Amino acid sequence: MAWDFETDPEFQTELDWMNEFVRDEVEPLDFVLDDPYDKSDERAMEILRPLQAQVKARGLWACHLGPELGGPGYGQVKLALMNQILGRSGFAPTVFGCQAPDSGNAEILAHFGTQPQKDRFLQPLLDGEISSCYSMTEPHGGADPTLFTTNAVKDGDEWVLNGEKWFSSNARYASFFIVMAVTNPDISAYEGMSMFIVPAETPGVNIIRNVGIGTESEEDASHAYMRYENVRLTDDNLLGEPGSAFGIAQVRLGGGRIHHAMRTIAQLEKAFDMMCERALSRSTRNGPLASLGVVQEQIADSWIEIEQFKLLVMRAAWKIDKYNDYRRVRHDIAAVKVAMPKVYHDVVLRAMHLHGALGVSNEMPFTRMLIGAEVMALADGPTEVHKTTVARQVLRDYKPIDRIGESLLVFAF
Ligand SMILES: Cc1cc2nc3c(=O)[nH]c(=O)nc-3n(C[C@H](O)[C@H](O)[C@H](O)COP(=O)(O)OP(=O)(O)OC[C@H]3O[C@@H](n4cnc5c(N)ncnc54)[C@H](O)[C@@H]3O)c2cc1C
C-alpha cells in the first residue's frame, strides 16, 4: 500500500539547493529589477542568464514539461514541492523556466503544435529567450467562451481575425499571442472555435492600453486590452485542428490553475513566517504579541488553514500524475481553485493586521498579496464557476430517490 507524505532524499537535496538559491540569489532581484517578462531589459537579462544556466546545469529547468516535451518530467507532485519554493519570488519562475503564462503556452504548443511551430515559437520560449501571451478573455464574455465574438473568417487561403480581448497578460512583452476565436458560428462553441498563434509583429495586432492591477502605475501595467483588426493569418498559424480550441483551452487552464495554487502556498508561507516573526518580536505592556491568546488563535487558524490547503493541492497533484488526464481531476482542480483565494486572503489579512501600520504600508508585501488573493479568485475563471463544477461532478455520484422512505438518511435517524 502506497500512502506516503515523505519526499525521497535525492529530490529533497534538490529542494534544499533550490531553497537556498532562491533565498540568496533570486528573491533580492524582486527589489531591484522591473519585469521578469521583459526580455529586452538587457540589465536584467545579464543577471538572469547566469542564474538560468545554473538551474539548467542542475536539471531543474522547465520542470513542468515531461521529457517528450523538452523538460525533465518530474510530474506534478515534485513540481508542487518546487513551486512552493519558487512562488516566494516574482523572478524565481523565470529563473527556473516555468513562469505563467509561458508555461501553459509551452505545454499546448508541445502537445498540439506542428514541428515548424515548435521550432519557431516553442523552442525560444523554452530557452527563455522570448515571452508569450494567452489572449482569451473578452470584455463582455469574461470566463464564458460560449459568449465570445472574436472571430476568424476564411478569405481564400487566409484567415482574417477580428475582435477584442482583455487582460491579455504580458502582451506588451510577448513575441506571440495564442488567440481563441470563433471560426464556425453555426455550431456550438465547443466545436466552432479555433486557436491561432499570432506573431506580435503581424499587422492589426493592437494594444489599446495596458491595464495595471491594484495601484500599479501605467508604466508597470501589463494586462492588455487588445484589438485584433483584420489580422491576416494562414493555416500555418492554426494551433491544433480547426474547431479544437475548447479542448486545448481545458488542457492549458487545468495545468495553469494547479500551478497558481502551488505558487500560492509559497506566498502563504511567506506571510505566515512574517506573522510569526512579528508576533515574537513586537511587545505590548502585557508581553510579546505571541503570548496573547487572541494572537495565538490567529496563528493556529492560519497554520491549520495553510496545511489543509497544502494537502488539497498535493492530493490534486498526485491525482494528475496518477491519471494523466485533466478531465478526471477537473473537480479536484476546481476545488483547489475555490479554496485558494479564501485561504490566501484570510492568512494575509491576519499577517497584515498583526503588523499594525507597517502592515498596510508599501514597505511590506501584504497589500500586493491581498490583491493577489482576489486575482486568484478571478484569473482562470471566477470562484462561483468552479464551485458549480465541484458540485456538478460530486452530484454525479448520487441518484434521486422515488419515495422518501428509500432514503438511507431517513433510516439513519
Ligand atoms: C491579473 C489577471 C490576469 C489575467 N490574465 C489573463 C490572461 O493572460 N489571458 C486571458 O485570457 N485572461 C486573463 N485574465 C482574465 C480572467 O480569466 C477573467 O478575469 C476571468 O475569466 C473572469 O472574467 P471577467 O473578469 O470578465 O469577470 P466576469 O465574467 O464579469 O465575472 C464577474 C463576476 O460575476 C460573477 N460570475 C461571472 N460568471 C458567473 C457564473 N457563470 N456563475 C456565477 N457567477 C458568475 C462572479 O462573481 C464574477 O467574479 C486575467 C485576469 C486577471 C485579474
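## Overall size and fold

For a chain of 413 residues, a compact globule would have a radius of gyration near 22 Å; the value for this chain is 23 Å, which agrees. The model is a predicted one. Taken along the principal axes, the box filled by the C-alpha atoms is roughly 80 × 70 × 45 Å.

The chain is built from 15 helices and 10 strands. Of its 413 residues, 49% count as buried.

## The ligand and its surroundings

The ligand has 17 residues around it, and those that come nearest are Tyr134, Thr137, Phe167, Ser169 and Glu384. By residue class, the shell divides into 10 nonpolar, 5 polar and 2 charged residues.

Polar atoms of the protein approach the ligand at several points. The side chain of Ser169 places an N or O atom 2.8 Å from a nitrogen atom of the ligand. An oxygen atom of the ligand lies 3.4 Å from a backbone N or O atom of Asp380. For Glu384, a polar side-chain atom is 2.6 Å from an oxygen atom of the ligand. On its own the ligand has 980 Å² of accessible area, and the protein covers 64% of this. Three elements give two or more residues to the shell: strand β3 (158-169), and the helices α13 (366-378) and α14 (383-395).

## Asp380, a loop residue at the ligand

Asp380, whose backbone contributes the 3.4 Å approach to a ligand oxygen, is placed in the loop between α13 and α14. Its phi is near 65°, a positive value in a residue other than glycine. Asp380 is partly exposed, with a relative accessible area of 21%. The cut-off for a buried residue is under 20%, so Asp380, at 21%, is not counted as buried.

## Salt bridges

Side chains of opposite charge can pair when their charged atoms come close. In the whole structure, 17 salt bridges are found. One of them joins the side chains of Arg120 and Glu201, with an N to O distance of 3.6 Å. This pair links distant parts of the chain, 81 residues apart: Arg120 belongs to helix α7 (residues 115-126), while Glu201 sits in the loop between β5 (193-199) and β6 (205-211). Arg120 is partly exposed at 48% relative accessible area, and Glu201 is exposed at 58%.

Other salt bridges are formed inside a single helix. In helix α10 (residues 293-323), Glu307 and Lys310 are 3 residues apart, about one turn of the helix. Their closest N and O atoms are 3.3 Å apart. Glu307 is partly exposed, with a relative accessible area of 26%, whereas Lys310 counts as buried at 17%. Helix α11 (residues 330-354) holds Lys342 and Asp346, which are 4 residues apart, again about one turn of the helix. The closest N and O atoms of the salt bridge between Lys342 and Asp346 are 2.6 Å apart. Lys342 is exposed, with 54% relative accessible area, but Asp346 counts as buried at 16%.

In addition to these pairs, a network of salt bridges links Glu27, Arg88 and Lys270.

## Backbone details

The peptide bond that runs from Ala100 to Pro101 is cis, its omega being near 0°. Pro101 is part of the loop between α5 (92-95) and α6 (102-112).

Asn230 is not a glycine, yet has a positive phi of about 50°. Whereas Asp380 has its positive phi in a loop, Asn230 lies in a strand, β7 (residues 223-234).

## Points to locate in the structure

For a first look at the model, the following places bring the parts of this report together.

- The ligand: Ser169 and Glu384 are among the residues that come nearest, and Glu384 has a polar side-chain atom 2.6 Å from a ligand oxygen.
- The loop between α13 and α14: Asp380 is found here, with a phi near 65°.
- Helix α7 and the loop between β5 and β6: these hold Arg120 and Glu201, whose side chains meet in a salt bridge.
- Helix α11: Lys342 and Asp346 both lie in it and form a salt bridge.
- The loop between α5 and α6: Pro101 is found here, and the bond from Ala100 to Pro101 is cis.

Notes:
Residues are numbered from 1 along each chain as its sequence is written. Side-chain values use heavy atoms; hydrogens and water are left out. A residue is near a molecule or strand if one of its heavy atoms lies within 4 Å of it. A polar contact is a pair of N or O atoms within 3.5 Å; within protein, one must be able to donate a hydrogen and the other to accept it, and residues adjacent in sequence count only if both atoms are side-chain atoms. Accessible areas come from the Shrake-Rupley method with a 1.4 Å probe; for residues, only the protein chains shown count as cover. Ala, Val, Leu, Ile, Met, Phe, Trp, Tyr, Cys and Pro count as nonpolar, Asp, Glu, Lys and Arg as charged, and the others, Gly among them, as polar. A salt bridge is a side-chain nitrogen of Lys or Arg within 4 Å of a carboxyl oxygen of Asp or Glu. Buried means under 20% relative accessible area, exposed over 50%, partly exposed in between (1.4 Å probe, protein chains only). The radius of gyration is taken over C-alpha atoms; the globule rule is 2.2 Å times the number of residues to the power 0.38.
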